[in-house]
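The following exercises concern selected side-chain contacts and surface features. Each task is followed by a solution that proceeds step by step.

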Amino acid sequence: MHEQAFRFGSARHLVGIVGLPPVLDHGVGVVLLNAGMVYRIGPFRLHVDLARRLNALGYPTLRFDQSTIGDSGAGGKLLARPEQVVSDVGEAMDLLHQQTGCQRFVLFGLCSGAQNAHSVAHADPRVVGAFFLDGYGHRTLGQRVRHYLPRLMKASVWKQWITRTRATSGPRPAEPAFVVEPLPGKVVGSQLADMLGRGLKLDFIYSGGVSRYFNHVRQFRECFGRLADHAGVSVSYLQETDHTYVLSGDRRRLLDHVAQWMARHFPVTRPE
């Protein structure tokens, strides 16, 4: 395995680390997108560990900072943020192609990174697969029943509610939540159908940290209907896992999952 830092992009404003496997097969490269404002190492070094695991298995990788995040500056063009994301990731794929010869790419994104990976996967034909971690989804009747019904059955919840109601008449402060700003469900479903029609392989992974909008594996069907049956779709709900994979055991299980998924859909061709 070999890693090298690059400054790249049309304005040389982007910074990233290319990871090379011992032997290149010019197959599929993996690009890891920022999770929110966390720079390229990822939450708890998730992107570093994942990139090195994939390198050891034969996949080249690029973990990089998008414009104005981490060590990357602003680009030279006046673009709206969604357009800038597509441009940044496009230039990241250009760099990985120059360094490895890869012409097909898999994207990995968590939270807002999943939203950005969705946009790029829909826009750029070089993308052949994506991991969407805590990405798009919307509340459904089933989600609300699963969320509220167990709470309504607990006397302690009612007692807390009555006490809180008596104690204050002001607005309840907003609770912090890790939620991707949603596109309309119909738009997301239509774009996913377009990706699958092009042959993309898509892996959706939801954690217990986003149970306020997604709380069961079957909710994907509730959100997107028959897309759940498509051969290119796989969905997991990791109820006990934190949104940022704070526990090392959860990170290891995620890395194992990604490695197995890559081997199944994009096996490395090793030279004779």
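**Exercise 1.** With which residue does R221 form a salt bridge?

*Solution.* The model under study is predicted. In this model, the partner of R221 is D229, and their closest N and O atoms are 2.7 Å apart. This distance satisfies the salt-bridge criterion because the nitrogen must lie within 4 Å of the carboxyl oxygen. As to its surroundings, R221 has a relative accessible area of 43% and is therefore partly exposed.

**Exercise 2.** Determine how many salt bridges the whole structure contains, and examine the one between E3 and R63.

*Solution.* A search of the whole structure yields 10 salt bridges. In one of them, the side chains of E3 and R63 meet at 3.2 Å, N to O. E3 belongs to strand 1 (residues 2-8) and R63 to strand 4 (residues 61-65), so this pair ties together parts that are 60 residues apart in sequence. Next, accessibility is considered: E3 is partly exposed at 26%, whereas R63 is buried at 6%.

**Exercise 3.** Classify D124 and R126, which form a salt bridge, as buried or partly exposed.

*Solution.* The closest N and O atoms of D124 and R126 are 3.0 Å apart. The cut-off for a buried residue is under 20% relative accessible area. D124, at 11%, is therefore buried. R126, with a relative accessible area of 25%, is partly exposed. Salt bridges with shared partners also form a network, which joins E3, R52 and R63.

**Exercise 4.** State how many aromatic pairs are found in the whole structure, and describe the pair of F8 and F64.

*Solution.* The search finds nine aromatic pairs. F8 and F64 form a tilted pair, with 6.0 Å centre to centre and 55° between the planes. This pair links distant parts of the chain, since F8 is in strand 1 and F64 in strand 4, 56 residues apart. Both F8 and F64 are buried.

A further tilted pair consists of W261 and F266, at 5.9 Å centre to centre and with 55° between the planes. W261 is buried with a relative accessible area of 1%, and F266 is buried at 8%. W261 and F266 join F108 and F131 in one aromatic cluster.

**Exercise 5.** Which residues make the nonpolar surface patch of about 280 Å²?

*Solution.* The patch is made by F44, V246 and L247. V246 lies in the loop between strand 8 (233-238) and helix 8 (248-265). Its relative accessible area is 37%, so V246 is partly exposed.

Conventions:
Residues numbered from 1 in each chain as written. Predicted model: local features only at pLDDT ≥ 70, side-chain atom pairs only at ≥ 80, totals over all residues. Heavy atoms only, no water. Patch = residues over 30% accessible without salt bridge, like charges linked within 9 Å, V, L, I, M, F, W, Y side chains within 5 Å. Areas by Shrake-Rupley, 256 points an atom, 1.4 Å probe, with all protein chains shown as cover. Helix = DSSP H or I, 4+ residues; strand = E, 2+ residues; numbered from the N terminus. Buried < 20%, exposed > 50% of the residue type's maximum accessible area, 1.4 Å probe, protein only. Phe/Tyr/Trp six-rings, centres within 6.5 Å; stacked < 30°, edge-to-face > 60°.
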